[in-house]
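Could you walk me through this structure in my viewer, one selection at a time? I would like to know what to pick next and what I will find there.

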Amino acid sequence: AIGFDGWLRYDPLPEPIRRAFPLSLSHIVVLDHSPTSPVHVAGQELQHGFEKLMGTRLALRSHLENRHFADSIVVGTTEAFAAAGGDTSRIPHLDEDGFYIDSHFKEGRVLVLGRNPRGALYGAFEYLFTLAQGDVSRVACSSNPCSPIRFVNEWDNLDGSIERGYAGRSIFWKDGHLRDDEGTDERIKQFARLLASIRINGCVVNNVNAGPTILTPENMRGLRHIANLMRPYGVRIGICVNFDSPSVLGGLATSDPCDSLVIKWWNEITSELYVHVPDLLGFTSKGDSEGQPGPMKYGRTLAEGANLFARALQPHGDGLIMFRAFVYDPTVDPTDPKADRCKAAVDWFKPLDGHFDDNVVVQIKWGPIDFQVREPTSPLFANLKNTNMAIEFQHCQEYMGQQTHTVYMAPLFKGVLDFDFRDNGNGDGDGKPTPTRLRDILSSSTPDRRRLHGFTTVLNVGDDSTWMGHLLAMANFYSFGRQAWDPALDPRLIAEEWVRLTFGLHPKVLQTVTDLLMGSWSAFEGYSGPMGLQSLFDVETHYGANPAQADTHGGGHWIRADATSIGNDRTSAITGTGFSAQYPPLVTKMFDSVKTCPEELLLWFHHLPYTHRLKNGKTIIQHLYDEHYRGAAVIRRWVTQWAALKGLIDDARHDYVAFRLEYQAGHAIVWRDVINTFFNDKCHIEDERGRVGNHPWRIEAEDMELDGYESVEMHPKELASGGK
Ligand code: BDP
């Protein structure tokens, strides 16, 4: 099946590379006897990967022949290695999940050691990835994670559908319980293997819009089954909980978090769950948002709600409550010029800073709205000083073409993580300065080590053989693991790694696919919504251009476009919504001024005439037109660039991608023309280059003949170039 192996293909290395490998290895020593240990899995992975790459099958051994480990790959924890008589003096400090690799040619052996069993598995993958990329020179490295929280969220419903999932049905659930059809276990194990290979250590297995039935005895058994399958890969599972479970499932009169019977109910059900899943990651909660029940329904604070779960989890170990900050009131009056959904997270959570228990982590979407193509980094990260925080990315492409478009997100998220809040506060009383760049704030290696910060994403793989619904979308899955481990990594290097592992070592393939990925987000932004305009989508499906809807959605406060001007004044000026004031003062100042506001966010923060001149000398409207043409042209070129790779990639995967790029090239033209026509109609300012209305490169459906089809009038008119 296309894509099932993801980046774990281990395609045979070319002969010259194989011959250059300087060691003559004969076996793998696995320093752990338990078949459920990640060390055991690491041994098997090394055996499988090495054989595929190098053509040599190494024997697995669980004991040492000699103290020098010659001719072998030794895999295990540093502790087990020391116990077996190994010399650990050269191994640098390792954190939990960290690893050390040393392929020592003189000593004729390779060491792959982890601080814990999970780290050993990560090291095994790292070693194989190095070989798979054609590098057979000496490896001597160690690596530690930025943070212990590296979780994916699956928005899987128990009926088998996936909210905002674009790759088939849930691999876990069907008809209200665990899937039991053929292939289920294999898929879950393979998913865990992919996660482990990019050092992801947690997976939340049901939708944030959770129903209470995840906690029935039958589903607890299902959770046990999933956890048992994923545990050998070092992946722990967590679940999303519904706040009203005590009343809906438990039959109590209320789900008030301060009610003693409710507290008892959560304590008991949590204990029961731990019997099934002793290493439960914890709970995720979406409370008081978009129709989900939460503590405020009972007149309690969000902190009281979060702490209810925290205290139920606390006696059982290190379970966390991932409490989502995606709380907003959809009923606020959109005609109120101060109403701004952007402000909601800070408004709700800032006053609660310091009120959360130690095992509560507030899970914050990377931007203040909702996974748009461009947003400023959420100001909440700079407002919570005494609260654990995790960032929430979304690697399924809800607002970015839903995996029919190729949009590689690592460059976007690099920018988000590099954002500097320039918050030169005085630290928090211990004399140490607070870090001010988001990636430093989220790092556990900053001076503020007491806190527990980290990384999550909405991944939404499904049972499609490609996992993400598009071969190229796997680059996003891959990059999440890399960025969560080391947020300073260069997105291009991540892309190159993924391309080599997925499509092989041919330089032309590497160059073409890497360039394509690296330009993809900017191209998509160009034809969908540049300058911070965002959300010109169909507001229900979040797919396909529908600017007229975006225009009126929420009372028109989305893009605020009229006949003469466009954009949302979110400055701290009297005319603005005041959103910019949620940032530390230097950042507020930067966003408030049209001169210093980054132009890619200009219309996010400012309402300006279409004729306002940008730094490149163009008017806003001309730049808007041009960006739509540029974006669509980029995708159009991809089609020929990809065609030139025919023969360098196997036909099945080549054709698969070619088909989707052609589709995207066509859809980009639709986006381009719909949006340009819409703005042209609003402001009646002509495109300097006379393209708008002429729809270059377009073949009209109404000019074609197709049996069984007839042409119809379209409304609004921008949905079809000729109105038909
Ligand atoms: C929005 C999605 C919606 C999710 C919500 C959330 O459209 O389906 O339930 O986010 O994050 O982006 O809770």
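Here is a short tour, from the domains down to the residues around the ligand. Keep in mind as you go that this is a predicted model.

**Stop 1: the domains.** Colour residues 15–143 as domain 1, 149–489 as domain 2, and 504–555 together with 623–724 as domain 3, following the domain assignment of the protein. Now show domain 2 and domain 3 together: their C-alpha centres are 32 Å apart. Each of the two gives to the contact between them, with 23 residues from domain 2 and 23 residues from domain 3. On the domain 2 side of this contact, you will find twelve nonpolar, eight polar and three charged residues.

**Stop 2: the barrel.** Next, select the strands β7, β10, β11, β12, β13, β14, β15 and β16, which in that order form a closed barrel of eight strands with parallel pairing. From one strand to the next, the twist averages 25°.

**Stop 3: one pair of strands.** Zoom in on residues 282–285 (β12) and 320–324 (β13), a parallel pair joined over four bridges. Pick Phe283 here, and look across to Ile321 in β13, which stands opposite.

**Stop 4: a helix.** Select residues 217–230 to bring up helix α6, which lies across β10 (202–204) and β11 (236–240). Its direction is at about 150° to β11.

**Stop 5: the ligand.** Which residues are around the ligand? Select Glu163, Arg164, Val208, Asn209, Lys286, Glu290, Phe326, Asp370, Phe371 and Glu398. Coloured by class, this shell shows six charged, three nonpolar and one polar residue.

Technical notes:
Residues are numbered from 1 along each chain as its sequence is written. This is a predicted model: local features need pLDDT of at least 70, side-chain atom pairs count only at pLDDT 80 or more; totals for chains, interfaces and linings use all residues. Two strands pair if DSSP finds at least two bridges between them. Helices (H or I, at least four residues) and strands (E, at least two) are DSSP runs, numbered from the N terminus. Axes are lines fitted to C-alpha atoms, for helices over the stretch in contact, and angles run from 0 to 180 degrees between N-to-C directions. Two residues are in contact if their C-beta atoms, placed from the backbone, lie within 7 Å. Domain bounds come from an automatic or database domain assignment. Ala, Val, Leu, Ile, Met, Phe, Trp, Tyr, Cys and Pro count as nonpolar, Asp, Glu, Lys and Arg as charged, and the others, Gly among them, as polar. A residue is near a molecule or strand if its C-beta atom, placed from the backbone, lies within 6 Å of it.
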